[in-house]
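I sat down with a new model today and kept a running notebook. Here is what I looked up, in the order I went through it.

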Amino acid sequence: MIVNAMERIMKDLLDEYQNRLQLTCTCDECLDDILALTLNKTEPRYVTKEEKIMFVKAEFVDKQEMTSLLVKLAECAKIVSDRPLCQNQQKGNDSNHLSNL
């Protein structure tokens with residue numbers, strides 16, 4: 001089993017900070033778009049077992065490193081919120097934020 005630890009870490013951050021990101025839509029599709037966009041801008045960190053994710057996560061205890069991840073998450077959340085592709089918000093919006101991936 002190969003796991004990208006950053007996927008779990010960014011998912012946890014999105015869950016934790018979702019209410020503070022002022023998202024226009026919080027449907028699963030928009031949240032997945034935010035996560036995908038953020039992960040594409042984040043260096044992957046692969047581990048061979050889920051239990052090893054905590055070792056990678058421990059590296060982000062440093063405030064500077066965590067701030068860097070939060071900035072990426074906030075930037076991507078704004079991109080998706082400004083141009084959501086989901087059925088809930090897409091009415092009248094022909095833009096495509098996934099072209100930024």
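The entries below go from the whole chain to its helices and then to single residues.

**Entry 1: the whole chain**

I started by reminding myself that this is a predicted model. I then listed the secondary structure of the protein chain and got four helices and two strands. Reading from the N terminus on, I wrote the order down as β-α-α-β-α-α.

How much of the chain is buried? Of the 101 residues in the protein chain, 38% are buried. I also looked at how far apart in sequence the contacting residues lie. Among contacts with a separation of 6 or more, 75% come from residues 24 or more positions apart.

**Entry 2: H1 against H2**

My next stop was the pair formed by helix H1, residues 5-17, and helix H2, residues 28-40. The two pack at an angle of about 135°, and their axes are 10 Å apart. Angles over 145 degrees count as roughly antiparallel and 65 to 115 as roughly perpendicular, so H1 is oblique to H2. I noted the crossing of H1 past H2 as right-handed.

Which residues meet here? From H1 I listed Met6, Glu7, Met10, Lys11 and Leu14, and from H2 their partners Leu31, Ile34, Leu35, Thr38 and Leu39. Sorted by character, the residues of this contact are seven nonpolar, one polar and two charged.

**Entry 3: H2 by itself**

I checked the length of H2 next. Its 13 residues should span 18 Å at 1.5 Å a residue, and the end C-alpha atoms are 18 Å apart, so the two values agree.

Then I went through H2 for burial. The buried residues are Cys30, Leu31, Asp33, Ile34, Leu35, Leu37, Thr38 and Leu39. I asked myself what these buried residues of H2 pack against, and found H1 and H4.

**Entry 4: H2 against H4**

That took me to the second pair. The axes of H2 and H4 come within 9 Å and cross at roughly 130°, which makes H2 oblique to H4. Here too I wrote down a right-handed crossing, with H2 passing H4.

On the H2 side the contact is made by Cys30, Asp33, Ile34, Leu37 and Thr38, and on the H4 side by Lys72, Leu73, Cys76, Ala77, Ile79 and Val80. I counted them by character as eight nonpolar, one polar and two charged.

**Entry 5: H4 by itself**

H4 covers residues 63-82, which is 20 residues. From first C-alpha to last, H4 reaches 28 Å, close to the 28 Å expected at 1.5 Å a residue. Its buried residues are Leu69, Leu73, Cys76, Ala77, Ile79, Val80 and Ser81. I traced the packing of these buried residues of H4 to H1 and H2.

**Entry 6: Leu13**

I picked Leu13 in helix H1 for a closer look. Is Leu13 buried or exposed? Its relative accessible area is 5%, and anything under 20% counts as buried, so Leu13 is buried.

Leaving out residues up to four places away in sequence, Leu13 touches Met66, Leu69, Leu70 and Leu73. For one of these partners, Met66, I also noted the distances: Leu13 and Met66 are 53 residues apart in sequence, and 9.6 Å apart in space from C-alpha to C-alpha.

**Entry 7: the loop between H1 and H2**

I moved on to Leu21, which sits in the loop between H1 and H2. Not counting residues up to four places away in sequence, Leu21 touches Leu14, Leu73, Ala74 and Ala77. I also looked up Leu21 with Ser81: 60 residues separate them in sequence, and 9.4 Å separate them in space, C-alpha to C-alpha.

Gln22 is in this loop between H1 and H2 as well. Its phi caught my eye, being near 55°, a positive value in a residue other than glycine. Gln22 has 71% relative accessibility, so I put it down as exposed.

**Entry 8: Ser81**

I finished with Ser81, found in helix H4. Its relative accessible area is 11%, so Ser81 is buried. What does Ser81 contact, leaving aside its neighbours within four places in sequence? I found Gln22, Leu23 and Thr24. That list brought me back to Gln22, my loop residue from the entry before, placed between H1 and H2.

How values were computed
Residues numbered from 1 in each chain as written. Predicted model: local features only at pLDDT ≥ 70, side-chain atom pairs only at ≥ 80, totals over all residues. Heavy atoms only, no water. Axes fitted to C-alpha atoms, helices over the stretch in contact; angles between N-to-C directions. Parallel < 35°, antiparallel > 145°, perpendicular 65-115°, else oblique. Left-handed = near helix turned anticlockwise from the far one by under 90°. Contact = heavy atoms within 4.5 Å. Nonpolar A, V, L, I, M, F, W, Y, C, P; charged D, E, K, R; others polar. Expected span 1.5 Å × (residues − 1). Buried < 20%, exposed > 50% of the residue type's maximum accessible area, 1.4 Å probe, protein only.
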